[in-house]
Amino acid sequence: MPPAQKPKRISLGSGKYYDPEKSRASVKHNARVLFLQAVENRTPAVLNALRGDPWDLYEALYRRVTPPQSEHDWLYSIHPVIVSDWFAGRPSAGWTPRARAALTRLKKSLFAWGSNYNILAEWTLGYALDTMMFWTEYESVPDRRRYDRWLRKQLDKALPSDGGTESSCYGIRYSWGIGAYWYFDKRERRHFEYQNWQGEDEGEYQQRIRVEFDQHLESYMSEIRNRASALPRTPDVTKPERFDMLALYLCGRMSRDRIAALPDFAKDTSVIYRDIREAADLIDLPLRPRGRPSKKLQSKPSE
C-alpha cells in the first residue's frame, strides 16, 4: 500500500483570519510543531536520545524542587526563564546552590543534545524541557531506567543491532507531547434574550421570535464582517514536506544529494536546499554550514 500523500498546504491556524498581534505566537508555534512532527517521524533517534541522559537529569530536578510547582508554572514560568538565562549567560536566580548545580548539568546535557542533532536554539530547548515534563508526569514509573536497560537487553537478544544509531530505536516512536494551538482574541459570549410566551398563538409567537433573532444575528454579523475586512488571512504552509527535508538535513545529517535520491523528494539539489532554507527561516532555526555533513558538532555551552 503506497504511503499517504502529504497535503500540498497546511493552515497554521484553525480560523480563516488571524490577529497579527495576538495570534502571531500561535502561528509561529504551529509551524514549529510541523517540524517537530517531521523530526519525530523521520529521525526518531532525536527523541530517543532526549530520553537518555537529559531526561534523567531533568526528572531528578523536577522531582526534588521544593515546594513542588504546578505543571502550569513549569511550562509558562520556570522553563522559559531557565532557557532565557542559559542563552543569555545569566546565573539562574532563586535556586539553591544544589539546584543550580543540577541545572548546570542539565544545561550541558541539553546543549550537547541540541548541538549533536543541529537543532540548538532557544525554542527547541524550551520545547525539549516541556516534553520531558510531560514524560515525567505521564510516562515515568519507579525503576524506569532499570526497566529500560532490561528491555533493551531483551530486544538485543531477539533483534541484534547492526550498531547504527537508528537501529537502537527498535521501531519505538516517542512523541514530543506538544501539539498545535490557536489563539484568537476572546470576547464576551453573545446573548439573545426574548420575551416569554404570553398565551398567544404558538405559530405567531415562534415567527416573531425568529424575526427578532434574525435581526439580532444580522447586527452581529455586520460587526463580524467589519472586523474580518481589517484582518489578514491565516497563513498557510505550502510544501509541508520541506520540514521533512529539514529534519533529514539537520538531525539526520543527510546531504542534499541523499535527500534528493529519496522517492519522496524527487527534486534538483538546488531546489532541495532552497526548500530547506525556507523551512528553517520560517521556524527561526539556524542551518548548519553547507558542504559535507559533520559527524558531530563540538560546540559547548558556556558555564
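Start with the whole chain and its contacts: among those with a separation of 6 or more, 77% join residues 24 or more positions apart. Bear in mind as you click around that this is a predicted model. Colour by secondary structure and you should find 11 helices and two strands. Reading from the N terminus, the order is β-α-α-α-α-α-α-α-α-β-α-α-α. Switch to a burial colouring if you have one: 37% of the 303 residues count as buried.

**Stop 1: the core**

Select Phe-35, Trp-86, Leu-110 and Trp-113. These are the residues with the most contacts inside the largest nonpolar core, which has 67 residues.

Now keep Trp-113 and show what surrounds it. Beyond its neighbours within four places in sequence, Trp-113 is in contact with Val-46, Ala-49, Leu-50, Pro-54, Ile-119, Leu-125, Ala-128 and Trp-176.

Hop from there to Leu-50, which sits in helix α2, residues 45-50. Is Leu-50 buried or exposed? Buried, with a relative accessible area of 0%. Its contacts, again setting aside neighbours within four places, include Trp-55, Leu-110, Met-132 and Trp-135. Draw a distance from the C-alpha of Leu-50 to that of Leu-110 and you'll get 8.1 Å, although the two are 60 residues apart along the chain.

**Stop 2: Thr-131 and helix α6**

Thr-131 is also on the contact list of Leu-50, so select Thr-131 next; it counts as buried, at 0% relative accessibility. This threonine lies in helix α6. Which backbone atom lies 2.7 Å from a polar atom of the Thr-131 side chain? It's the backbone oxygen of Trp-176. Other residues that Thr-131 touches, leaving out those within four places in sequence, include Ser-175 and Ile-178. For a backbone view, compare Thr-131 with Gly-177: 46 residues apart in sequence, 5.7 Å apart C-alpha to C-alpha.

Zoom out to all of α6. The helix has 17 residues and runs 25 Å from first C-alpha to last, close to the 24 Å expected at 1.5 Å a residue. How many of those 17 residues are buried? The count is 13, and α6 is mostly covered.

**Stop 3: the largest pocket**

Stay with α6 and bring up the largest pocket, with a volume of about 510 Å³. There are 19 lining residues; pick His-29, Leu-75, Tyr-76, Tyr-127 and Asp-130 to find those nearest its centre. The elements that supply two or more lining residues are α1 (24-42), α4 (71-88) and α6. Of the contributors, α6 gives the most, with six residues.

**Stop 4: Arg-32**

Next, go to Arg-32 in helix α1. This arginine is buried, with a relative accessible area of 13%. Show side chains and look for the polar contact of 3.2 Å that joins Arg-32 to Asp-284. Arg-32 also touches Trp-123, Tyr-127 and Ile-283, residues up to four places away in sequence not being counted. You've met Tyr-127 already, as one of the residues nearest the centre of the pocket.

**Stop 5: helix α8**

Select residues 202-229 for α8. These 28 residues reach 40 Å from first C-alpha to last, close to the 40 Å expected at 1.5 Å a residue. At the start of the helix, a side-chain oxygen of Asp-201 comes to within 3.0 Å of the backbone nitrogen of Gly-203.

Which residues of α8 are buried? Tyr-205, Ile-209 and Ala-228. Two of the listed residues, Tyr-205 and Ile-209, give you a chance to check a general rule: an α-helix has 3.6 residues a turn, so residues three or four places apart point the same way. Then move to Ala-228, which counts as buried at 17% relative accessibility. The C-alpha of Lys-16 is 9.2 Å from that of Ala-228, across 212 residues of chain.

**Stop 6: two loops with positive phi**

Finish on the backbone. Asn-118 has phi near 60°, a positive value in a residue other than glycine. Look for Asn-118 in the loop between α5 (97-116) and α6 (122-138); at 7% relative accessibility, this residue counts as buried.

The other one to pick is Arg-253, with phi near 55°, again positive and again not a glycine. Arg-253 is in the loop between α9 (241-250) and α10 (256-261).

Note on methods: Residues numbered from 1 in each chain as written. Predicted model: local features only at pLDDT ≥ 70, side-chain atom pairs only at ≥ 80, totals over all residues. Heavy atoms only, no water. Helix = DSSP H or I, 4+ residues; strand = E, 2+ residues; numbered from the N terminus. Expected span 1.5 Å × (residues − 1). Buried < 20%, exposed > 50% of the residue type's maximum accessible area, 1.4 Å probe, protein only. Polar contact = N/O pair within 3.5 Å; in protein donor to acceptor, adjacent residues only side chain to side chain. Core = buried A, V, L, I, M, F, W, Y, C linked by side-chain atoms within 4.5 Å. Contact = heavy atoms within 4.5 Å. 1 Å grid on protein atoms, 1.4 Å probe; cavity = no way out; pocket = protein on both sides within 12 Å on 5 of 7 lines; lining within 4 Å. Points joined across faces, edges and corners; volume = space filled by probe spheres on them.
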